[in-house]
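Please follow this explanation with the model open beside you, turning to each residue as it is named.

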Amino acid sequence: MVDSDWGDWLPRAIADADPDTVALWYLGCNGFAIKGSEGTVIWIDPYVGTGDPPRTIRMIPIPFDPEDVEAADAVLATHEHTDHVHGPSQAPILANTDADLVAPDDSLAVAREEEAWTEEYAVSEAAFTEVREGDELRIGEFTVHVVETHDADATHPVGYVIEHDAGTVFHAGDSKPSPSFTGLAERFDIDLGILAFGSEGTIPDKETGEPVQTKWYSDENEIATAANDLDLDRLVPTHWDMWKGLTADPTALHDHVRSYESPERLEIVEIGDRIDL
C-alpha cells in the first residue's frame, strides 16, 4: 500500500470529472492523467515512489494511492527508469481497472522481469502492450502516436502524441531537444507540449556513494529550443519539482521562451493542478 499525503481526492476528482474537451491533471514528476469528453482516461508515467534515498529524494507530496484509482483505460510509459515504470505505482491501476500498460520493450522488461508484475500483482501478461516508434493505436476517444525522442540516459525512450477532436497533446518523457521534433511540428498541430525541465547538480553515485555531477533533464535553453522546434501553442514544463539537487524554477523560462515564435504560452502547473485544452 502507498501512503497518500492527500487521501483519495485526486483519483476521485479524475473519476468524477466531466470535461467539455480534454482535462489533464499533473501528478508531479513527469506524470499526468488525461481525460476526454467521452470519459476515456489515460495515465502517463504515474509515479508515487519516494526515490532511493540518499541518492534520489522525493521533494513533493505523494498525491494518490494507486489502489484508489477507479478510472483508467491505459497506462503509458515513456521509458524504463523507475520514476516512469514502477510496480507499486502502476500495477494496482492495471489490476483494479483492467487497463493495459502501453510501453516500449525495455520498459516492459522492467515490468515483466525485474519487478515481476504478473507474480506480485493481479496483472496478466495480456495487460502488456508493446509499442515502438511509428506505431499508432486507438485508446477510446484518443489516437495515440508513438514517436521518436532523444534521452541519452534511457535505453529505449519514446514520446506520445495524443490526438483528440478537441486538440493534440505531446508528452516527450524526459527527452531533450531531438532531431525528430521539427518533423513532428510539420506532421502534427500540437496544442500542448509536456517537456521535462531541471537543473544540474550532484547526485550520489549508485556504487560508490560519491557525488557525481548530474544532468538528467533539459536546461532553460534546451527546453526553449525544443518548444520552438515543436511549434507548441502551450508549453508545460515538468520534472522540475521532483528530485533534491535537481529541482528548478519554471518561472525562469519566461525569459528564455519569449524571444521565440513558439511556444505562444508558458503554462506553469504544480502537482495536483488541472488544465484543459
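In this predicted model, a good place to begin is Trp 43, which, leaving aside residues up to four places away in sequence, touches Ile 14, Leu 27, Phe 32, Ala 33, Phe 64, Val 69, Ala 71, Ala 72, Ala 74, Val 75 and Leu 76. Trp 43 belongs to the largest nonpolar core, a set of 32 residues in which Trp 43, Phe 64, Leu 101 and Trp 117 touch the most other members. Two or more residues of this core come from each of α1 (9-16), β1 (22-26), β3 (41-44), α2 (87-97), β7 (100-103) and α3 (105-114). There is also a second, separate core of 25 residues, and its members include Ile 34, Leu 76, Ile 162 and Leu 192.

Aromatic rings offer another way through the structure, since a search of the whole of it finds seven aromatic pairs. One of these is the pair of Trp 216 and Tyr 217, whose arrangement is edge-to-face, with 6.3 Å from centre to centre and 70° between the planes. Tyr 217 counts as buried because its relative accessible area is 2%, which is under the 20% limit.

Further along the chain lies helix α6 (residues 220-229), in which Ile 223, Ala 224, Ala 226 and Ala 227 are buried. These residues lie on the same side of α6 because they cover an arc of only 160° around the axis. The cover over the buried residues of α6 includes α5 (181-187), β13 (192-196), β16 (234-238) and α7 (253-257). At the N-terminal end of α6, Asp 219 acts as a cap, with a side-chain oxygen 3.2 Å from the backbone nitrogen of Asn 221, while just after the helix Asp 231 takes a positive phi of about 55°.

Methods: Residues are numbered from 1 along each chain as its sequence is written. This is a predicted model: local features need pLDDT of at least 70, side-chain atom pairs count only at pLDDT 80 or more; totals for chains, interfaces and linings use all residues. Side-chain values use heavy atoms; hydrogens and water are left out. A nonpolar core is a set of buried Ala, Val, Leu, Ile, Met, Phe, Trp, Tyr and Cys residues joined through side-chain atoms within 4.5 Å. Buried means under 20% relative accessible area, exposed over 50%, partly exposed in between (1.4 Å probe, protein chains only). Helices (H or I, at least four residues) and strands (E, at least two) are DSSP runs, numbered from the N terminus. Contact means heavy atoms within 4.5 Å. Rings of Phe, Tyr and Trp (its six-membered ring) pair if their centres lie within 6.5 Å; planes under 30 degrees apart count as stacked, over 60 as edge-to-face and the rest as tilted. The arc is that of the directions from the helix axis to the C-beta atoms. A polar contact is a pair of N or O atoms within 3.5 Å; within protein, one must be able to donate a hydrogen and the other to accept it, and residues adjacent in sequence count only if both atoms are side-chain atoms.
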